[in-house]
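Dear colleague,

I am passing on the structure we spoke about, and below it you will find what came out of going through it. Please read the notes with the model open beside them.

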Amino acid sequence: MTYITKPKFHHPALPKNTLGYTHRDYEGKISTLCAGCGHDSITASIIEACFELAIEPHLVAKISGIGCSSKTPDYFLNASHGFNSVHGRMPSVLTGANLANRDLIYLGVSGDGDTASIGLGQFCHAMRRGVNMVYIVENNGVYGLTKGQFSATADRGSKSKRGAVNTDAHIDLVAMALQLGATFVARSFSGDKEQLVPIVKAAIEHKGAALIDVISPCVAFNNHAGSTKSFDYVREHNEAVNRLDFITGRSPITVAYEPGSVEVVEQHDGSKLVLKKVAADYDAHDPAGAMAFLQHHAAKGQIVTGLLYVDREPEDLHEHFNTIKAPLNTLTEKELSPGSAALEKINASLR
Amino acid sequence: MPAKAPISSVNDFVVRFANVNGSGSASANELFARSVLRMGIPVAPRNIFPSNIQGLPTWYEVRISEAGHLGARGGTDLMVAMNPQTWDKDIASIEPGGYLLYDSTKPMPSAKFRDDINVIGVPLTAICNREYTDPRQRQLFKNIIYVGALSALIDMDVGAIEKLISEQFKGKEKLFDANKHALHLGRDWALMNLECPIGLRLEATDKVGDRIFIEGNSAAALGAVYGGATVCAWYPITPSSSLADAFTGHCRRLRVDPETKQNKFAIVQAEDELASIGMVIGAAWNGARAFTATSGPGISLMQEFLGLAYFAEIPAVLFDVQRAGPSTGMPTRTQQCDVFSCAYASHGDTKHVLLFPEDPAEAFEFGAQAFDLADRLQTPIFVMLDLDIGMNHRLCRPLKWDDNRKYDRGKVMTAADLDAGKEFGRYLDVDGDGIPYRTYPGTHPSKGAFFTRGTSRDRYARYTEEGAPYADNMQRLLRKFETAKNLVPRPIRKDAGKPTKYGVIYYGSTSPAMNEAIHMIEAKGRPLDMLRIRAFPFHQDVPDFIADHDYVFVVEQNRDAQLRSLIVNECGIDPVRLIPILHYDGTPITARFIAREIADDLEALKVTPLRKVVS
């Protein structure tokens with residue numbers, strides 16, 4: 001429970017990152033989710049990614065909606081400000097926060113109910129505006145807190161724990177993000193930390209709207225036979241198109257990759273994404289191709305994972321707005337009030 | 001010969017233009033109003049327009065009042081009837097002895113007129129057709145031609161009109177010449193063919209002084225600029241859209257960094273009102289000053305978020321430009337009908353701060369002050385405008401700004417405070433005023449971070465569903481609301497010269513009509529003390545004022561006496577003592593209406609003649 005204090009004891013031999021922080025410095029309170037919940041694995045991946053990137057924890061704002069997934073920002077980055085807002089409305093709160101201070105890193109955490117049902121509109125508009133954020137959907141196809149109703153990402157034909165069959169078509173958030181102009185689109189699996197951690201790192205460094213749809217099985221309500229979001233089902237049907245290594249700008253590529261098997265994508269800040277191709281014909285810079293690939297594999301019942309699309313030249317909302325470099329929340333009356341002389345001129349023009 | 005003597009009046013009459021919307025009449029009509037103003041005579045114009053872009057009836061009413069009455073008066077002395085669709089209704093609305101100016105190109109059957117009005121025909125279409133071949137020009141210049149005819153008929157200063165045209169078309173000589181030419185076509189025709197001036201006429205005076213002529217929405221937006229708003233998120237809705245548009249315009253002129261050409265503002269046209277208020281709350285949580293502009297339906301959509309902002313204590317500023325509800329209601333008609341839905345917005349126990357500006361000058365002042373109040377009180381602040389103030393040009397005192405004024409950012413703990421060892425509890429009432437300290441995200445590497453949530457929590461922002469901390473927090477929120485009473489603009493009391501047992505409470509756009517009505521009521525020997533409420537929560541002055549009187553009229557522009565109920569509820573007043581005076585047909589309230597209603601009620605109350613009241 002959240003009111004049980006986590007011991008602050010640090011083992012002296014814990015590895016430290018370049019800022020001198022250990023893993024523990026990126027942790028949050030003890031999770032109150034069910035034992036074995038996929039969401040806790042995602043939390044662990046976020047912690048790992050932030051640790052490896054050596055991010056100052058307090059320079060992250062973690063914002064969520066309502067639901068099991070939206071509780072998780074309390075379980076990582078204790079030194080960050082968090083905002084557990086309104087069901088389905090994380091994107092607008094995050095957009096506003098981002099406008100107020102462009103210098104922080106924005107982690108938006110949401111679920112499939114929060115994003116694909118009640119919050120579908122806000123999800124779409126945050127993507128199309130290019131808000132510089134990491135939008136993580138912890139996708140289990142089910143409403144956990146209200147005990148097992150289907151969500152809008154549940155596949156048609158999948159079975160609920162009580163045996164009901166879902167007859168509605170599912171919403172594919174990855175396909176939607178591609179269509180809406182997100183500049184970084186990935187899908188992963190909570191059970192595949194090796195794949196997920198570098199994707200989270202790359203998404204954090206990406207300067208634009210980054211969606212990560214993480215299939216995250218619900219052990220309480222959606223992990224049975226007949227579910228298409230169970231651990232077993234996802235493991236069996238996972239079709240990874242690539243594997244990612246994330247290399248920060250300062251480090252040279254030291255790993256020897258087999259020639260022709262990798263693509264290096266240089267980001268604006270100099271960091272590099274090393275895409276290790278699994279599907280040889282997959283092009284991660286072609287949204288139309290990605291869409292066709294997704295649909296083709298979905299028809300075969302496969303879940304395509306990996307970094308599915310990345311724009312090499314992303315733009316974000318601040319660029320579109322041409323806002324000044326200084327965060328808007330640092331401006332004072334000196335910069336913001338045009339003063340009495342300007343007002344006198346305005347008065348004169350209104351006579 | 002009219003059966004009634006023609007109305008004769010200098011500098012005190014109402015001209016009404018009946019047009020078809022989309023015909024380009026608006027700028028000609030505004031030119032007329034501004035020209036009167038340039039003659040030093042106060043005017044109060046009002047747009048009466050449909051929720052439509054082209055083809056439906058629209059009216060522009062100009063009240064000319066040397067005495068400075070800026071409320072709607074009711075009735076029309078001179079009708080400029082340019083819309084055949086509304087002809088019958090327009091003719092019927094002319095005061096007996098009044099005047100009708102119409103396009104006499106085609107003969108009209110005499111049954112279409114009244115015999116107690118003065119009919120003035122000007123062959124506008126014929127003049128246009130003779131002069132212009134382009135249909136668009138024929139249409140547009142017809143409007144200027146009737147202004148020209150009017151200038152002769154009511155003895156306007158033609159130089160003032162020409163000067164306004166030249167200012168409007170500065171650097172566009174061709175357009176200036178064309179408009180001036182059209183103006184004189186109408187003026188010369190009238191001078192040559194009609195008896196000028198008629199009984200209604202203007203005389204230059206100096207009653208305008210240094211006052212300015214501005215729409216409330218534009219003034220409120222300017223208040224937001226001066227008040228330091230950097231983030232605006234909004235969704236188009238009449239009658240508030242022009243506020244966001246004005247903010248955009250003001251920012252482009254006043255808020256672009258001169259060196260880098262980069263913007264010191266961010267304006268998002270959101271996907272809906274839910275997103276608008278969400279962005280405002282996100283931005284304000286992160287330490288920027290943020291606002292939205294909306295109207296009643298938008299307020300309804302924002303309810304859930306408003307509860308979050310109240311409970312999680314996040315500053316937000318909302319400009320609610322009220323229109324007639326419920327539902328889509330009358331989107332282009334005015335009302336003061338959102339008092340309840342704003343004062344108690346959202347589920348659970350909530351109360352919000354409302355400000356009621358009376359005119360554009362106050363819209364500017366409250367518009368700026370709202371941001372200080374939001375930061376100080378860490379809660380949503382509603383600036384309650386309405387269509388009448390927001391979308392009409394109103395004469396008001398010049399806008400003022402003190403260059404020494406500092407923004408009140410409220411209780412914000414800095415990194416230095418935290419390093420100095422100050423105790424931080426996000427919901428800890430350190431000062432006893434119910435207002436806790438907050439930190440902005442990113443303040444300090446290891447201190448001051450907290451988790452903002454709409455769920456219950458203790459004084460240190462830790463999640464809890466325990467009853468005692470919940471109740472403790474709800475009580476503190478009440479203390480905070482109590483603190484607000486002395487921070488918001490105080491009511492303004494104006495006592496009658498003589499003792500009276502009767503008072504009147506009013507607010508917002510009712511002001512000019514009430515100020516005029518009070519003289520009419522007093523002229524009947526019935527003095528009334530006045531209290532103009534400028535904010536909720538109510539200052540102690542409000543119950544005190546009611547206690548000083550046997551009966552108090554509460555004048556408002558809604559059906560359900562919303563402010564009256566709020567007073568009854570919040571101040572524990574016996575409802576019998578508050579007599580509602582309600583105007584809610586979507587037109588702005590008039591002095592005539594208020595005076596008549598109050599007089600009737602006083603009659604019913606069997607008012608003791610004044611001389612016997614004196615103690």
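**Strand pairing and overall build**

Within strand β5 of chain B, the residue that Ala18(B) has as its bridge partner is Ala81(B). Please bear in mind throughout that this is a predicted model.

That pair belongs to a longer contact, in which strand β2 (residues 12-20) of chain B and strand β5 (residues 76-81) of chain B run in the parallel sense and are paired over four bridges. In general, the strands of a sheet pair through backbone hydrogen bonds, and the pairing can be parallel or antiparallel. Both β2 and β5 sit in an open sheet of six strands in chain B, whose order is β3-β4-β2-β5-β6-β7 and whose pairing is mixed. The edges of this sheet are taken by β3 (43-48) and β7 (118-122) of chain B, and because each of them has a single partner strand, one side of each is left without a neighbour in the sheet. Direction ignored, neighbouring strands of this sheet are turned against each other by 15° on average.

Further along chain B, strand β15 (residues 380-386) is mostly covered, with seven of its seven residues buried. Pro380(B), Phe382(B), Met384(B) and Asp386(B) point one way from this strand, while Ile381(B), Val383(B) and Leu385(B) point the other way, and all of them are buried. Strand β13 (residues 316-322) of chain B runs parallel to β15(B) and is joined to it by seven bridges, and in this pairing Gln322(B) has Asp386(B) as its bridge partner. Strand β14 (residues 353-355) of chain B is likewise parallel to β15(B), with three bridges joining the two, and here Leu355(B) stands opposite Val383(B). To get from β14(B) to β15(B), the chain passes through helix α13 (residues 360-377) of chain B, and the resulting β-α-β crossover is right-handed.

For chain A, I can give you the overall build, which comprises 12 helices and 13 strands. Its radius of gyration is 21 Å, close to the 20 Å that the globule rule gives for 351 residues, so chain A is as compact as a globular protein of that length. Taken along the principal axes, the C-alpha atoms of chain A fill a box of roughly 75 × 50 × 50 Å, and 54% of the 351 residues count as buried. Where contacts in chain A link residues at least 6 apart in sequence, 71% of those contacts join residues at least 24 apart.

With best wishes

Note on methods. Residues numbered from 1 in each chain as written. Chains lettered and ligands numbered in written order. Predicted model: local features only at pLDDT ≥ 70, side-chain atom pairs only at ≥ 80, totals over all residues. Pairing = 2+ DSSP bridges. Axes fitted to C-alpha atoms, helices over the stretch in contact; angles between N-to-C directions. Buried ≥ 20, exposed ≤ 12 C-beta atoms within 10 Å, placed from the backbone. Right-handed = clockwise from strand over helix to strand, strands pointing away. Rg over C-alpha atoms; globule rule 2.2 N^0.38 Å. Contact = placed C-beta atoms within 7 Å.
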